[in-house]
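This report concerns charged residues in a protein chain. Please look at the sequence and the structure before reading on.

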Amino acid sequence: MINYARHDEEFYGVFKLLNGEEVLGKAVLTEDDGETLVFIQDPVCTQVVHKELDEGKLVRGVGFSKWMQFSNEDFFILREKDILTVTSMSKEVSYLYEAFIISEDDEKSSSLIIKASYKYETFII
């Protein structure tokens, strides 16, 4: 059982999985038959981006990408046996995370409007 984190309270978490992935998201830890389960909403992974500028300088940045690229689900369950460690997101990272999620939601809405406009007459959903 994961006993170093509060159970049944939502928090912005960072989960290092045994396979090496680092997954971030809004999460709730709960117990089921002596095992901790994590319900994680809108999970993302970090992406390191490198870009070389004209002057030969290298710019590095970090961004997010959806954890499950080909799923429309909002919630996933992580089992305790797959988690190496858990920590809370820093306040700054939680702001960046929320901004990313909002932009993803806006893209989904725009995509629905474009698809609806293409297939039928133009209307807003």
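The paragraphs below treat salt bridges, a pair of strands, a charged patch and backbone angles in turn.

**Salt bridges**

The model is a predicted one. Side chains of opposite charge can pair when their charged atoms come close. In this chain the count of salt bridges comes to two. The table lists them with the distance between the closest N and O atoms.

| Acidic residue | Basic residue | Closest N and O atoms |
|---|---|---|
| Glu 98 | Lys 26 | 3.7 Å |
| Glu 35 | Arg 79 | 3.3 Å |

The pair of Glu 98 and Lys 26 links distant parts of the chain, the two residues being 72 residues apart. Glu 98 belongs to helix 1 (residues 91-119), and Lys 26 belongs to strand 2 (residues 22-32). Glu 98 counts as partly exposed because its relative accessibility is 23%. Lys 26, at 22%, is likewise classed as partly exposed.

The pair of Glu 35 and Arg 79 also links distant parts of the chain, with their positions 44 residues apart in the numbering. Glu 35 is in strand 3 (residues 35-52), while Arg 79 is in strand 5. Is Glu 35 buried or partly exposed? With a relative accessibility of 18%, Glu 35 counts as buried, because buried means under 20% relative accessible area. Arg 79, by contrast, has 38% and counts as partly exposed.

**Strands 3 and 5**

The two strands that hold Glu 35 and Arg 79 are paired with each other: strand 3 and strand 5 run in the antiparallel sense over five bridges. Within this pairing, Leu 37 stands opposite Arg 79. Strand 5 has two faces: Phe 76 and Leu 78 form the covered face, whereas Phe 75, Ile 77 and Arg 79 form the uncovered one.

**A negative patch**

Which residues form the negative surface patch? Glu 73, Asp 74, Asp 105 and Asp 106 do so. Of these, Asp 74 is found in the loop between strand 4 (58-66) and strand 5 (75-79). Asp 74 has a relative accessibility of 36% and therefore counts as partly exposed.

**Backbone angles**

Most residues other than glycine have a negative phi. Asp 33, although not a glycine, has a positive phi of about 55 degrees. Asp 33 lies in the loop between strand 2 and strand 3, and this residue is exposed, with a relative accessible area of 79%. Asp 42 likewise is not a glycine and has a positive phi, here of about 45 degrees. Asp 42 is found in strand 3.

Methods: Residues numbered from 1 in each chain as written. Predicted model: local features only at pLDDT ≥ 70, side-chain atom pairs only at ≥ 80, totals over all residues. Heavy atoms only, no water. Patch = residues over 30% accessible without salt bridge, like charges linked within 9 Å, V, L, I, M, F, W, Y side chains within 5 Å. Areas by Shrake-Rupley, 256 points an atom, 1.4 Å probe, with all protein chains shown as cover. Salt bridge = Lys/Arg side-chain N within 4 Å of Asp/Glu carboxyl O. Lys, Arg positive; Asp, Glu negative; His and termini not counted. Charge placed at Lys NZ, Arg CZ, Asp CG, Glu CD. Helix = DSSP H or I, 4+ residues; strand = E, 2+ residues; numbered from the N terminus. Buried < 20%, exposed > 50% of the residue type's maximum accessible area, 1.4 Å probe, protein only. Pairing = 2+ DSSP bridges.
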